[in-house]
Each structure stands twice: as structure tokens, then as C-alpha cells.
Amino acid sequence: MIDIKRLRDDPEAVRSALARKKFSFDLDTVLELDAQRRTAIVAAEQAKSEQNAANKTMASLAKGSPEFLEKVTEMKTLSARAKELENSCRDAEEAFQKAFLSLPNLPDPSVPDGREECDNVVVSEWGKCLPAAPYRVPHWDIPWFAKAIDFGRGVKATGAGFPFYVGDMARLVRALIHLFLETARRNGYEEVLPPILVNEASATATGQLPDKEGQMYADTNEGLYLIPTAEVPVTNFYRDEILPADALPICRCAYTPCFRREAGSWGSHVRGLNRLHQFDKVELVKWTDETSSFDELERLRNDVEGILQALDLPYRVLLMCAGDIGFPHAKQYDLEVHAAGQDRWLEVSSCSNFTDFQARRAGIRYRDKDGKPRVVHTLNGSGLAIPRVLAALLENNLQPDNSVRLPKVLQDFMGQDSIQF
RNA sequence: GGAGAAGUGGCUGAGUGGUCGAAAGCAGUUCUUUGCUAAAGAACCGAUCGCCUAAAAGCGAUCCGUGGGUUCAAAUCCCACCUUCUCCGCCA
């Protein structure tokens, strides 16, 4: 959630900032509910204060004395009134919270205007896109693809979008996970292995709820959700905690499988590895103070770019426009690799600064030099999502003999310089 | 899954239904003193929300695992749930 004080102080600035995003919002209602809530609080606290005072005098009276009994009658009235006001106060608070929680984060001023995908700005490109050639095909058309990544048997075991990776392909996935984690470790991120089911409070804190409820697989028996990204459990590591000032910045990395229902987002363009219900990803997460989060975002992005360069995959970096960034995001870069067989850019990472939006929901703070609690800033970025990286590797490194040459960084781990089925 | 025990401030740990935000100790901050990388003494030392402020101070409300209930009044009594520990059973 955003800072309510900021909204009160300058609603028009908040209004125009939010208007740049694609989400609908109702500031006037929020402000009105805030005012109502505060009036209710004043009334309830006043009543409660009177009751407390009466209670105090009562404590000094002898039990059962006439004065005492008289006070009991008075207290009954006060108590009933206080309870009543307290209830209306709670209702007002709930109504306010519900409306307030539905406000998205403010986009940073450095984020360009725009309504859709085509308004995103390419801020850098690395490497050369490979030219078309007769033997370059989409990865799903590689003759042995169905053997190496078995979608058919995945359907049998689970359903569409849950493939089996077989033999050297399974090893290759493991090699990528290893490479990503080790690269992150060398860049100063501490590895964690988090739970992959989270509760409602965690999903709300990072902003998946209530905005994207339908995107997650849920265990309704236990009230738990399969994580759509490691961001959720990892960010919640410090939920409701106050960190010492010298702890920041904290950098963590985590490998997890990720689960997304992707309801209604299927079509001919999402064949093969382009979109799955379950996929593997290494996620990078940072907690910083409010002065350095945008610098840390650049560092994060740089760390992720390093991996793509090591894999020798041509990529570009998009600065997402205000209309295309997510609900909790203040600023977001998308990294896309070029897959030569499809001649398409595939998003493999999204690096974002959430400023204080998630941290405020999650109650993650740090103690500044004066000992005052302040809300931290949170960031995260994929480093990286495996299937699309794999798609690009297969398509870009496919040889005329249908083998796939491995980049140097993977050869050592795999103990071979190419794969072939 | 069965049987017990427990959940209090950063930590340890008192707490009789009313004067308890809550003793005490530790840690922390500031100061005093002693010439020596330390000791002693003193003061301060939780969070959230609201009112008032330019801001602070100040005032008020709330918080003793969570949510209900009893009562004029609950950390204290009752119920449910969650978590932790011990014992038994089962199991990767």
C-alpha cells in the first residue's frame, strides 16, 4: 500500500501518478473513508477514555459499598456506549482498509508514459540476433524435442503445461539452476531454499492478493497457495520485523519451481516452453533503505545481464511504461532474449523496485540512526526463468546436424559440449 | 493421529479480575566518575493508530500467540484455532 499521509497531503499528485497506470482506482472514496474512519476513531477513543477514568475511580472504592454500586450503574452505560462506538469504528476501519489495499503503487517519475506493450522503451541491447537459416526452427520443431521434453506424458501425469524433462535435458535444467545460483552467490546474494506453499497473509503482503488471486493454484483445505514466484516466500522472510539499520541492504537468491494457472492466456503463440503452468526459476530479492533502492535496481539488472552474457544469448532491456507495469511496481525492467528459431523476443526476467509498497503491507521496517522505525524498500528480479532461456539456447545453438552446442559455462558442468537425442 | 505442557516487551522472566504497558535482569542509548580497549553509578530505553504541532514535545486509544465470549472491568476466567516443546504411534 502507498503512504496514506502522502495521499492526504497531496491527493492530486497521487491521482495523476496513479492515472498513468492501467489499474482503476477511486481516490475520492479512499479519502472519504479515511476521514470517516478518523472521525469514528476520535469518538470511540473519547468514550473509551471516559470509561477508563471511571474504572480507575471505581478501583479505589470498597467493593459492595453504595458508592461502588452506583459506579457500576454508571460504568454499564459508559461501557455500552464505548462498545457501540468501537464497533462503528471497526467497520469504518475495515471499509477504509479494503479500499486502500486496492490502490496500486505509484509509478516512479523516471518511468515513461504509455498504455501498452509497444510504449515500453528499449534501453539497451546486447549481442546480435542470429539470422534465419533453414535448420533454425522453433524449439518444438526440433526432431527430438518431444523425447527430451515430454509434454504428452506430462498431460498423462498432470495436465497441459506440466512437461517431463528427460535425460540430458533434465541435467541441463539442473545445470542452469546451478549456474544461476552460483552466479548470484558470487554477486553477493545469500541463498535460501524457501517453502513453495504460502499462506494468505504472505500472498497479500507481496501483492498477489487480492489483485491476482485467479493466477495462483490454491489449496482451499489449508488456505495455502502454490507460489507463482519465489518472491512471495522470500520477501515474507522478514514480515512484521524491524531490521537493524546496518543490516541493509540484504540480498538473497532462491531457486524454486513456480506455479501459474495462466487462466485464459493460451494461444498459438505460447507453444512449447514459451508458457508453462510449472517452471523453474532463480529469483533475486533485495531489502534496502529508501535512499538506495533505485541504485540497487540498476545493480540488480546488471547482475541479471551478466548471466545472459555468460550464456551468450542476445538480449534487450525494456524499461516498462507506466501502463504496463504491475500493481505493486514503482519501476520495472524486462529482459528479453532473442530466440532465433521463432524470431521472437522472450521475456526471461523482470527486475522491479516496489519501493515501500510491499514492505508497508508486509510490515518490514528498519531502525534508522535515530532509532525510529522506517519502512524498507523491496526489490526483486528473475535471475533467471529457466524454460525460455532453455528455448533460446536450443534455438540459437541448434546445429545443422540437430545437435545443440552448449555455451562454455554449461560445458564444464555437463561434462560435454553438446546435447543430442 | 493420540496424550500432556506452554505461548507476556530485542532476549530471559514475574504477574492477585480493577491502581499493569505490565516487576526484575540482560542487551541497547546517553551522561557522570575513575588515566587506561574495562569497571561503577545515574537517567533513558516497545510498537501501532488518533488528536495537537511547521516539527518535536504533549495528550489519548490500542497491543501480554490469534479470534470469539463472560464481566461494569480481562494478561489474569471460558471456548475455538494457531504455534512450540515432551511422550506414544506412523512415515519420506
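Start with RNA strand B in this predicted model and select its atoms within 4 Å of the protein: 70% of them belong to sugar or phosphate, and the rest to bases.

Next, turn to the protein side of this contact. Select the 23 residues around RNA strand B. Those that come nearest are Arg 8, Lys 48, Asn 55, Ala 59 and Arg 365. Colour the selection by class, and the surface near the strand shows eight nonpolar, five polar and 10 charged residues.

Now pick out single side chains. Which part of RNA strand B lies 2.8 Å from an N or O atom in the side chain of Arg 8? At that distance from Arg 8 is a phosphate oxygen. Move to Arg 367, where an N or O atom of the side chain is 3.2 Å from a phosphate oxygen of the strand. Then select Asn 55: here the partner is a base nitrogen of RNA strand B, 2.5 Å from an N or O atom in the side chain.

Switch to a cartoon view for the elements behind this surface. Helix H3 (27–59), helix H4 (66–101) and strand E14 (364–367) each give two or more residues to the surface near RNA strand B. Select H3 next; this helix supplies the largest share, 12 residues.

Finally, zoom out to chain A and colour by domain. The assignment gives domain 1 as 26–100 and domain 2 as 117–419. How many Å separate the centres of domain 1 and domain 2? Taken over C-alpha atoms, the centres are 49 Å apart.

Note on methods. Residues numbered from 1 in each chain as written. Chains lettered and ligands numbered in written order. Predicted model: local features only at pLDDT ≥ 70, side-chain atom pairs only at ≥ 80, totals over all residues. Heavy atoms only, no water. Domains from an automatic or database assignment. Near = heavy atom within 4 Å. Polar contact = N/O pair within 3.5 Å; in protein donor to acceptor, adjacent residues only side chain to side chain. Helix = DSSP H or I, 4+ residues; strand = E, 2+ residues; numbered from the N terminus. Nonpolar A, V, L, I, M, F, W, Y, C, P; charged D, E, K, R; others polar.
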